[in-house]
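Visitor: Take me in for a close look at the pockets of this model, please. I'd like the cut-offs as you go, and a word on the surroundings too.

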Amino acid sequence: MNIGEFARLGGITTRMLRHYDALGLLVPAHVDPLTSRRSYDLAQLPTLNRLLALKGLGLRLDEIGPLLSEGVDPAELHGMLRLREAELERQVRRQRHTLDRVRARLRLIDQETQLTVETKHLEPITLAALSADALDASRQQTGAVVQTLFDQVIDRMEAASADRTTPIARYQSHPPSNEGTSTRPQPDDGTGTGPQADAGAPGAAVRVVAGYALSGDPVPGLESYTLPPTEVAAVIHRGPMNAISTAYQELARWADSTGRAPGTFSWREYYLEAAGDDQSDWIIEVQLEI
């Protein structure tokens, strides 16, 4: 086939084919001695595919030549591409997290005088996580549980050299066992971080899940926990965790004003900036699943 037809099948330009020919990476099957027109065989497509795959891995053309001449095993190439795919996914996840942080900063500017509730759709996300029950929805209980879970998750991810991006905690109230009680979307008396159990529901537990967006294979010792797609109402909190009840209260008021309270709710905390012991500049998006 002529160079144009071969370029179309390969998904590249004729200019690139001429460039590869000049470098000796992919020489035409035939060159007309009178017109210098290049012709290629269909059997050369696997070589072109390997060349483009190796280029996509970030290799220079002078590095690709020896690999092509030696022959690249398909299984080996597949493994290399899978590693590259995982690295690109990590880059996309980090960039998305950075974008979320920038958006959060913009919202903080917009809500300097008053917290603003934003509603949005969240796609499903799989976490490398651990879960445990808190005895109740108080800050003392849920805060201790989520801190312990994150400490364990971080240790296991570091041991596995796993990428840690997008930390999320989810709080899901278990329906109270005794009839006639409910769980309302409001913090306790100034110290809560999640839905507060009614006084008539003693011992009502909160399921806490804490982890990071899963990148690549499952992490040994951690659960692969998929958060379902959902609509959320969200508020940005800036500052220490012991003051986060303001964000929960704003979401509780919003839920009540839109006819969504009382009921059993699930909450998420998306930690946009939460590094170090100084919590004064921490930025957390508190999300109420609606």
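Guide: I'll start with some ground rules, go through the pockets, and then wander out from there.

This is a predicted model, so local features need pLDDT of at least 70 and side-chain atom pairs count only at pLDDT 80 or more, while totals for chains, interfaces and linings use all residues. Residues are numbered from 1 along each chain as its sequence is written, and side-chain values use heavy atoms, with hydrogens and water left out.

For orientation, the chain has 7 helices and 12 strands; those are DSSP runs numbered from the N terminus, with helices being H or I of at least four residues and strands E of at least two. Of its 290 residues, 41% count as buried, where buried means under 20% relative accessible area, exposed means over 50%, and partly exposed is in between, using a 1.4 Å probe and protein chains only.

Now the pockets. The largest has a volume of about 750 Å³. A pocket here is found on a 1 Å grid over the protein atoms alone: an open set of points where a 1.4 Å probe fits, with protein on both sides within 12 Å along at least five of seven lines, and lining residues have an atom within 4 Å of a point. Points are joined across faces, edges and corners, and the volume is the space filled by probe spheres set on them.

The lining of that largest pocket runs to 29 residues, with Arg 96, Asp 100, Leu 122, Ile 125 and Tyr 270 nearest the centre. Which elements give two or more residues to it? They are α5 (74-110), β3 (118-122), β4 (125-134), β11 (266-273) and β12 (283-289). Helix α5 gives the most, 10 residues. By class, the lining splits into 12 nonpolar, 5 polar and 12 charged residues; Ala, Val, Leu, Ile, Met, Phe, Trp, Tyr, Cys and Pro count as nonpolar, Asp, Glu, Lys and Arg as charged, and the others, Gly among them, as polar.

The second largest pocket holds about 650 Å³ of space. It is lined by 26 residues, and Tyr 212, Tyr 271, Ala 274, Ala 275 and Trp 282 are the closest to its centre. Two or more lining residues come from each of α5, α6 (139-159) and β11. Here α6 has the largest share, 7 residues. The class split is 11 nonpolar, 8 polar and 7 charged.

Since α6 has come up, let's step onto it. Val 146 sits in this helix, and at 6% relative accessibility it counts as buried. Beyond its neighbours within four places in sequence, Val 146 is in contact with Ala 169, Tyr 171, Val 208, Ala 210 and Tyr 271, contact meaning heavy atoms within 4.5 Å. Tyr 271, you'll recall, is one of the residues closest to the centre of the second largest pocket. Val 146 and Ala 132 are 14 residues apart in sequence and 8.4 Å apart C-alpha to C-alpha.

Follow the chain out of α6 and you get the loop to β5 (167-173), home of Ser 161. Its phi is near 55 degrees, positive although the residue is not a glycine, and Ser 161 is exposed at 67% relative accessible area. Thr 166 lies in that loop between α6 and β5 as well. Its phi is also positive, at about 65 degrees, but Thr 166 is buried, with 8% relative accessibility.

One last stop is Ser 215, in the loop between β8 (206-213) and β9 (223-227). Is it buried or exposed? Buried, at 13% relative accessible area. Setting aside residues up to four places away in sequence, Ser 215 touches Ala 86, Arg 90, Arg 93 and Asp 163. Arg 93 is 122 residues away from Ser 215 in sequence, yet 8.7 Å away in space, C-alpha to C-alpha.
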